[in-house]
Every structure is written in structure tokens, then in C-alpha cells.
Amino acid sequence: MTATQFPIEQVLETLERELAKFTLPLIDQMGEVSKTPFRILIATILSLRTKDTLTAVVAPRLFAVADTPAAMLELGEERIAELIYPVGFYRVKARQIVAICRILLEQYNGEVPSDLDELLKLPGVGRKTANLVVTAGFGLPGICVDIHVHRICNRWGYVQTRTPEETEMALRAKLPQQYWIPINRLLVTLGQNICHPTSPKCSICPIRDVCPRIGVTRSR
DNA sequence: AAAACGGGGGC
DNA sequence: GCCCCAGTTTT
């Protein structure tokens, strides 16, 4: 179709090799033992519109006190709000956590469902959160598109989309499935450390040789 | 399509 | 002081 297709596979493999040099996303910061579906679900709720370095400090405080839906309900909305206060949106998030845990206990036997459509029924869970639980929590195929994945894929010209949901669908159609799970982790890492919305640090970018927008500082 | 939720950190 | 942050829901 196009004369020069963006070399997405080469780029993602390069990023995979360079990953160790960068600050990693929230789920990786929380450590291997924290990668249970329930912790990923709750931590992702806490992380909405919040820096993940802050969430990575606050979330473990909550998990130390309550690590299951039943324990969360026992803790109660007020106490949850106090514990998560620094992440912001604490009232909304505490209310959503309680509502989610109630549903998990009443309808899912206290377990987090692995099905995307079931996850999307939970209050406060949109496509980004649901797909992160599917991929990072269960290791199942899915594409988690946050603002970094959306921005960078469009910056590269790999997709031309207006919303993260459109980007997710475009990637499902054209990105080889072996990259579905790692693309989020790779592009969030790149987006946080180098490929910023404004003033990206192209001079130290590991894929500068093949990026079509090298030196272009405006967001898209 | 736009507002609203919100404290913490960077500049 | 001003702006942004691994979004989602409501108007």
C-alpha cells in the first residue's frame, strides 16, 4: 500500500533491548510478586491521571492492609480514601474500588474475570484498564492503548487515528500478535522517558535512526 | 464534544 | 504560579 511502511517490528525489538536503561511503567515498578490480576486492577484504578511513580508508592500501602475484595470491603470506603489520598481523585477511586470489590464477590466468586467484556462492565474500568488486566494480569492476547501508545503510534505514522480506542482497533488489525502484549510496556517506557508530548529527547532516542519525525517537537 | 474529578511534582 | 499525569464517566 505505502511505499515505505514503518518498521514497527524492528523498532519494538530495539526498544526491548534498550528497556533496562529507562524508568519502567507502574506494573513493573511494583515488582514481580505484585502482578496478580487483582493488584493490577486496583493499582490501575489508582493510577488514572496520576504519575505512576507516585502510584507505585501509594498502592503498596493499600495492599499491605487489604489484598482481596473481601478485605477491601472490610476496610471500607472512608479508610481506603484516606490511604490513597495522595494519588488524587481519591473519593471517586475509593468509591469505584468498593463497588468493584462488591461485584467481584457477588458475581465472580471473589475472582477477577479474565474476559475483556466482563472487565468492561466494572465501574471505572475502561478499555485501557481492562486490556491491561487481560495482558499484564493474565498474559492473554490484548492491546492496551494508553495516551503514550496512542501518541507515539500516530507520531510514527504507523496508524492515523483520533482516539485511543481507534488506535487499539487499528493495532489489532495490523500489528503482529506477538507484539500485542509488550507494545504497551515498551511505548509507555519510551513515552515517559524520551518521546514526550512536547520536546521529545530525540538526541538520545534508541530508534532515532528510523523515526520519521526525528526532531519534530510538536505533539500530535 | 467538553467538563469534571484532585493532589503531587516539574519547571 | 501554571501545567501535566499508564482515563473514565457524566453532561
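In the unreviewed UniProt entry, the annotation "binding site" covers C195, C202, C205 and C211; although these positions are spread over 17 residues of sequence, they cluster in space in this predicted model, with a largest C-alpha distance of 10.9 Å. C195 lies in the segment after α12 (180-193), and C205 has its place in the segment after α12 as well. C195 is buried because its relative accessible area is 10%, under the 20% cut-off, and C205, at 13% relative accessibility, also counts as buried. Leaving aside neighbours within four places in sequence, C195 is in contact with R151, I152, R155, L190 and P200, while C205, with such neighbours likewise left aside, is in contact with L190 and I194.

The structure also holds 9 salt bridges, among them the pairs listed here.

| Pair | Closest N to O distance |
|---|---|
| E32 and K35 | 3.6 Å |
| D67 and R39 | 2.8 Å |
| E168 and R172 | 3.0 Å |

D67 lies in the loop between α4 (52-65) and α5 (69-75), whereas R39 belongs to helix α3 (residues 37-47), so their salt bridge ties together parts that are 28 residues apart in sequence. Within this pair, D67 is partly exposed at 34% relative accessible area, and R39 is buried at 16%.

E168 and R172, by contrast, both lie in helix α11 (residues 164-174), 4 residues apart, about one turn of the helix. E168 counts as buried at 2% relative accessibility, while R172 is partly exposed with a relative accessible area of 27%.

E32 counts as exposed at 62% relative accessibility, and its partner K35 is partly exposed at 25%; together with D28, these residues are linked in a network of salt bridges.

Conventions
Residues are numbered from 1 along each chain as its sequence is written. Chains are lettered from A and ligands numbered from 1 in the order in which they are written. This is a predicted model: local features need pLDDT of at least 70, side-chain atom pairs count only at pLDDT 80 or more; totals for chains, interfaces and linings use all residues. Side-chain values use heavy atoms; hydrogens and water are left out. UniProt positions are given in the numbering used here, feature names are shortened, and annotations may be inferred rather than shown by experiment. Helices (H or I, at least four residues) and strands (E, at least two) are DSSP runs, numbered from the N terminus. Buried means under 20% relative accessible area, exposed over 50%, partly exposed in between (1.4 Å probe, protein chains only). Contact means heavy atoms within 4.5 Å. A salt bridge is a side-chain nitrogen of Lys or Arg within 4 Å of a carboxyl oxygen of Asp or Glu.
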